[in-house]
Amino acid sequence: MKLIAESGSNRTEWSLIEDGELIEHFNTEGINPFFQTRREISRSIRLGLPEHFFKKKIEMIYYYGAGCSSEEKKQTVGASFITQFRTRTEVESDLLGAARGLFFHESGIACILGTGSNSCFYDGENIMNNVKAGGYILGDEGSGASVGKEFLSDVLKGLAPGGLTNDFLNKNRITVEDIMNAVYNQPLPNKFLSSVSFFFKDYKNEEYVAEVVTRNFKRFFTRCVFQYNYKNYPIRFVGSMASNFKEFLTDVAKSYDIEISAIEETPLV
């Protein structure tokens, strides 16, 4: 039996596989070694998964996660898994997981648009080129965090539509002061910022929402996709932002004469 886990900052998907068949699927909170210590990751795994997961005879764990771009971060996550499962664990980036899930053994440009964003050229086995994501402060164009940062900045400055601002504050039962505290004083600020994207999902018909999302998607294409040989390889997307706003994403791609060949919510399809 194998355990395959794929994680962003918001959610981790766990799949138990036996003889090529999916036996069980479960979701827990996200994992990111840039924002969590080894102990915090271990605690998240232990408290999030049902107890019977730890009693299974698992031969190998394959983990693809956000923040696992360096050996140091991979070791942090790997040590947490081994502590909990006592099983060999292979840790790779969520970007490689996305590329494998989207293309299998084909070549192409794999893009993630979720809490954060990332992209790469994948040759069917390995990532051969990667435009640095930059994180929610220096990059993550087109992501939920990027959209959230723009909207919340407009809320603070009184530039967002009044009705939309009031709905957001009331639905989340927060104040402007709570926003400042969540971004600057609480853990996982990128996760808080990206929560805006789930709020936006119900307001797609609002002109302001369409403009913010479209503008962010355009920045992703111009700053990330255009750095690859995008005219000669298929482009596929995965992630909550790509899936929830696929009509905007498709329109932006068409404006650049690009056809997206697949948009998935998760690479574990």
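## Ser-243 and helix H10

Not counting residues up to four places away in sequence, Ser-243 touches Ile-263, Glu-264 and Glu-265. The model described here is predicted. Ser-243 has its place in helix H10, which covers residues 240-244. Its relative accessibility is 18%, so Ser-243 counts as buried, the cut-off for that class being under 20%.

One of the residues touched by Ser-243, Glu-265, also takes part in a network of salt bridges that links it with Arg-11 and Glu-13.

## Salt bridges

How many salt bridges does the structure hold? The count is nine. Three individual pairs are described below, and the network of Arg-11, Glu-13 and Glu-265 has been mentioned above.

Glu-51 and Arg-46 form a salt bridge through their side chains, with an N to O distance of 3.3 Å. Glu-51 has a relative accessibility of 43% and therefore counts as partly exposed. Arg-46, at 30% relative accessibility, is likewise classed as partly exposed.

A salt bridge also joins the side chains of Lys-74 and Glu-92, at 3.2 Å from N to O. Lys-74 belongs to helix H2 (residues 71-85) and Glu-92 to strand E5 (residues 89-93), so this pair ties together parts that are 18 residues apart in sequence. Is Lys-74 buried or exposed? Its relative accessibility is 17%, so Lys-74 counts as buried. Glu-92 has a relative accessible area of 21% and is partly exposed. The two values fall on either side of the cut-off, because buried means under 20% relative accessible area.

## Glu-141 and its surroundings

Glu-141 lies in the loop between H4 and H5. With a relative accessibility of 5%, Glu-141 counts as buried. Where are its contacts, once neighbours within four places in sequence are left aside? They are Leu-113, Ser-117, Ala-133, Ser-146, Asn-216, Arg-219, Phe-220, Arg-223 and Cys-224.

Among these contacts, Arg-223 forms a salt bridge with Glu-141, the closest N and O atoms being 2.7 Å apart. This pair links distant parts of the chain, since Arg-223 sits in helix H9 (residues 207-223), Glu-141 sits in the loop between helix H4 (135-138) and H5, and the two are 82 residues apart. Arg-223 counts as partly exposed, at 43% relative accessibility, while its partner Glu-141 is buried at 5%. A C-alpha to C-alpha distance is available for Glu-141 and Thr-222: they are 9.7 Å apart in space and 81 residues apart in sequence.

## Packing of H5 against H8

Helix H5 (residues 144-157) and helix H8 (residues 189-200) have axes that come within 7 Å and cross at roughly 85°. H5 and H8 are therefore roughly perpendicular to each other, because that class spans angles of 65 to 115 degrees.

On the H5 side, the residues that meet H8 are Gly-144, Ala-145, Val-147, Gly-148, Lys-149, Phe-151 and Leu-152. On the H8 side, they are Asn-190, Phe-192, Leu-193, Ser-194, Val-196, Ser-197, Phe-199 and Phe-200. By class, the contact of H5 with H8 has nine nonpolar, five polar and one charged residues.

## Packing of H6 against H8

H8 also packs with helix H6 (residues 162-172), at an angle of about 110° and with the axes 12 Å apart. H6 is thus roughly perpendicular to H8. The crossing of these two helices, H6 and H8, is right-handed.

Which residues make this contact of H6 and H8? H6 contributes Leu-164, Asp-167, Phe-168 and Lys-171, and H8 contributes Val-196, Phe-199 and Phe-200. Five of the residues in the contact of H6 with H8 are nonpolar, none are polar and two are charged. Val-196, Phe-199 and Phe-200 of H8 appear in the contact with H6 and are also listed in the contact with H5.

## Helix H3

Helix H3 (residues 94-103) is mostly covered, with nine of its 10 residues buried. The buried residues of H3 are Asp-94, Leu-95, Leu-96, Gly-97, Ala-98, Ala-99, Gly-101, Leu-102 and Phe-103. Just after H3 comes Phe-104, which takes a positive phi of about 55°.

How values were computed: Residues are numbered from 1 along each chain as its sequence is written. This is a predicted model: local features need pLDDT of at least 70, side-chain atom pairs count only at pLDDT 80 or more; totals for chains, interfaces and linings use all residues. Side-chain values use heavy atoms; hydrogens and water are left out. Axes are lines fitted to C-alpha atoms, for helices over the stretch in contact, and angles run from 0 to 180 degrees between N-to-C directions. Helices (H or I, at least four residues) and strands (E, at least two) are DSSP runs, numbered from the N terminus. Angles under 35 degrees count as roughly parallel, over 145 as roughly antiparallel, 65 to 115 as roughly perpendicular and the rest as oblique. Contact means heavy atoms within 4.5 Å. Ala, Val, Leu, Ile, Met, Phe, Trp, Tyr, Cys and Pro count as nonpolar, Asp, Glu, Lys and Arg as charged, and the others, Gly among them, as polar. A salt bridge is a side-chain nitrogen of Lys or Arg within 4 Å of a carboxyl oxygen of Asp or Glu. Buried means under 20% relative accessible area, exposed over 50%, partly exposed in between (1.4 Å probe, protein chains only). A crossing is left-handed if the near helix is turned anticlockwise from the far one by less than a right angle, and right-handed if clockwise.
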